[in-house]
Amino acid sequence: SMVPAWESVVARAIEATREGGEVHIADFGECKQYPRLFQKALYAWLNLFHVHPIPNLPLKLQQIASETGTELTVKPLYAGYSLHLILKKPNHEAAS
């Protein structure tokens, strides 16, 4: 939510990660379990700092995971206030 071209940054991070390694991403969630007023106030406050939560981030990262052959783990935190997302590269040596 703070990186303008985040898709290319994630792709480059995956490229730079060794087999069996992980790329960890922490970001704001959509706060769907919170009252709408809280969500609107939070997003307005974040906007002051040019932070824009990415709608459907797990779905977008799942697409990147499919394209790059990585495995995505999504860990919602604090009832969806934030997300911990992990893209894991397969370890082909371990499979041999």
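User: Looking at this predicted model, what makes strand β3 count as mostly covered?

Analyst: Five of the seven residues in β3 (residues 82-88) are buried. Buried here means under 20% relative accessible area.

User: How do you know that β1 pairs with β3, and which way do they run?

Analyst: Pairing takes at least two bridges found by DSSP. Seven bridges join β1 (residues 22-28) to β3, so the pair qualifies, and the two strands run antiparallel. For a spot to look at, Ile-25 stands opposite Leu-85 in β3.

User: What about β2 and β3, what joins them?

Analyst: Seven bridges again, with β2 (residues 71-77) antiparallel to β3. Leu-77 stands opposite Ser-82 in β3. The two strands form a hairpin with four residues between them, and Tyr-78 in the turn has a positive phi of about 55°.

User: Over to the helices. Why is α1 called oblique to α3?

Analyst: The axes of α1 (residues 6-16) and α3 (residues 57-68) come within 11 Å and cross at roughly 40°. Angles under 35 degrees would count as roughly parallel, and roughly perpendicular begins at 65. The crossing falls between those, and that makes α1 oblique to α3. As for handedness, the crossing is right-handed.

User: Which residues meet there, and what classes are they?

Analyst: From α1 you have Trp-6, Glu-7, Val-10 and Ile-14, meeting Leu-57, Lys-60, Leu-61, Ile-64 and Thr-68 in α3. By class, that contact has six nonpolar, one polar and two charged residues.

Definitions and conventions:
Residues are numbered from 1 along each chain as its sequence is written. This is a predicted model: local features need pLDDT of at least 70, side-chain atom pairs count only at pLDDT 80 or more; totals for chains, interfaces and linings use all residues. Side-chain values use heavy atoms; hydrogens and water are left out. Axes are lines fitted to C-alpha atoms, for helices over the stretch in contact, and angles run from 0 to 180 degrees between N-to-C directions. Angles under 35 degrees count as roughly parallel, over 145 as roughly antiparallel, 65 to 115 as roughly perpendicular and the rest as oblique. A crossing is left-handed if the near helix is turned anticlockwise from the far one by less than a right angle, and right-handed if clockwise. Contact means heavy atoms within 4.5 Å. Ala, Val, Leu, Ile, Met, Phe, Trp, Tyr, Cys and Pro count as nonpolar, Asp, Glu, Lys and Arg as charged, and the others, Gly among them, as polar. Buried means under 20% relative accessible area, exposed over 50%, partly exposed in between (1.4 Å probe, protein chains only).
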